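This report covers one helix pair and the cysteines of the chain shown below.

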Amino acid sequence: MGWDNPPVPWQEFERRLSWGKGSRQARESSQPSVMQRPVTRLPVERAAGPSWAELHCHSSYSFLDGASSPGEMVLEAAERGLSALAITDHDGMYGVPQFAQAAARLRDNGISLGTVFGAELSLDLAPKGTPRGGSKPGEAGTPRAGVPDPVGRHLLVLARDPEGYRRLCRVISAAQLAGGEKGLPVYDEPTLASAHDGHWVILTGCRKGAVPAALAAHGAEAAAHELARLKAAFGKENVKVELTVGDQPADDERNDVLAALAAQAGVDVVATGNVHYAAPQDARLAQALAAIRARFSLAEMDGWLAAPGTSYLRSGAEMAMRLRRYPGVLERTAELAVDCSFDFHVVAPRLPDFPVPAGHSEATWLCELITRKAPGRYGPRENEQVPGAYAQLDRELGIIVQLGFPGYFLIVHDIVRFCEQERILCQGRGSAANSAACYALGITSVDPVRHGLLFERFL
């Protein structure tokens, strides 16, 4: 697979990446998507076995690294009988809404899956004095794309509670702003150490984590030094040594040393699968994504890729077998997940209430504004200039009110009104152009009814 191959239709390309099981289009024609499929009709029964929770999991929101959506991860976790699942994408909480919504659908259908929120932070991407972007691919200061083995260290953070979630979001946002370039966050480590205040759990992470990386490069003494540094920064009770169980060569030897170091340091041990896709059959897709991220062919990536089919979600029974040489680790991992599980609705941001005239709610005031402004776009209701315009507006308003979004439209309309008043150029963009309500309010300037655009895409 090189970059000079003849064109391949997307359907055929996806069929090849799916191990010949047919295109996604063909599969979805016979069953709804993961996000829409009623979880009461799971394709397999929930696996029986000991309680298990996966605390290190990359979804497709770890761009070109995770191969499965958060919804697919949630469904697979439920089928395998997991008690909880963490999504820990790189330097962002992008997958959290879909993750939380999918887990809520399970709960609505009587299936319990705890949700743990976290992120894997990319440290040392741009050390002081390094020009942004580096001088060549692979140097420090480059984003993750363009190299087979991206530079930098990882710090895996789990939020213990809603306050920990808020603190984690704040430090990620600050790092992204400090980097000034997409995919190149800059974290200030002293700030990280002072930001947690006991609301985070720090796992030592995968081979890019400071402790495993020091062990691989310089031996047990260096790894012990890094573990002591994490303890000093975050507190012994907030640091957990992570044993990565992925059926890779030397897993046992590395994990044996890490477990011994944890015992010496008085730190708890947990285990993870360092998951990058939901099920074993997704391994080839994950390999293709890794090649695309590195801008290498699959043949060129061969020596960099881990053994296929190993970074998937495992059941409690599978993990119990793999962790039998580490008594108590399985149970402590599940217990930590219980301690860190909470529902997303307690942290979901809420728009401020929009001030409306006396006698109005946000919903009725939005309807009033659209009633006043729509004739300027579509003519009077009884003689509309664009057929179906008012029917579309009525339908959109019903959906907007049902979903609780009137305040959003009022806030954006107020911004546009202010810009017009101050003669500031302002234009709604993107999928907002699909909304007839936005067009009627003057937020956008493209008529979605005339052009047959789909309002649901905006939502």
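## Helix pair H14 and H16

In this predicted model, H14 and H16 lie oblique to each other, because their crossing angle of roughly 50 degrees falls outside the ranges for roughly parallel (under 35 degrees), roughly perpendicular (65 to 115) and roughly antiparallel (over 145). H14 spans residues 362-378 and H16 spans residues 406-421, and their axes come within 9 Å. The crossing of H14 past H16 is left-handed.

On the H14 side, the contact is formed by Glu362, Ala363, Trp365, Leu366, Leu369 and Lys373. H16 contributes Pro406, Gly407, Phe409, Leu410 and His413. Sorted by class, the contact of H14 with H16 holds seven nonpolar, two polar and two charged residues.

## Cysteines and disulfides

A disulfide is a covalent bond between the sulfur atoms of two cysteines. With a cut-off of 2.5 Å between cysteine sulfur atoms, the count of disulfides in the model is zero.

Which cysteine has a relative accessibility of 11%? That value belongs to cysteine 206, which is therefore buried, the limit being under 20%. Cysteine 367 has a relative accessibility of 27% and so counts as partly exposed.

## Surroundings of cysteine 169

Cysteine 169 sits in helix H5, which covers residues 162-179. Its relative accessible area is 22%, so cysteine 169 is partly exposed. Between cysteine 169 and glycine 118 the C-alpha to C-alpha distance is 9.4 Å, with a separation of 51 residues in sequence.

Methods. Residues numbered from 1 in each chain as written. Predicted model: local features only at pLDDT ≥ 70, side-chain atom pairs only at ≥ 80, totals over all residues. Heavy atoms only, no water. Buried < 20%, exposed > 50% of the residue type's maximum accessible area, 1.4 Å probe, protein only. Axes fitted to C-alpha atoms, helices over the stretch in contact; angles between N-to-C directions. Helix = DSSP H or I, 4+ residues; strand = E, 2+ residues; numbered from the N terminus. Left-handed = near helix turned anticlockwise from the far one by under 90°. Contact = heavy atoms within 4.5 Å. Nonpolar A, V, L, I, M, F, W, Y, C, P; charged D, E, K, R; others polar.
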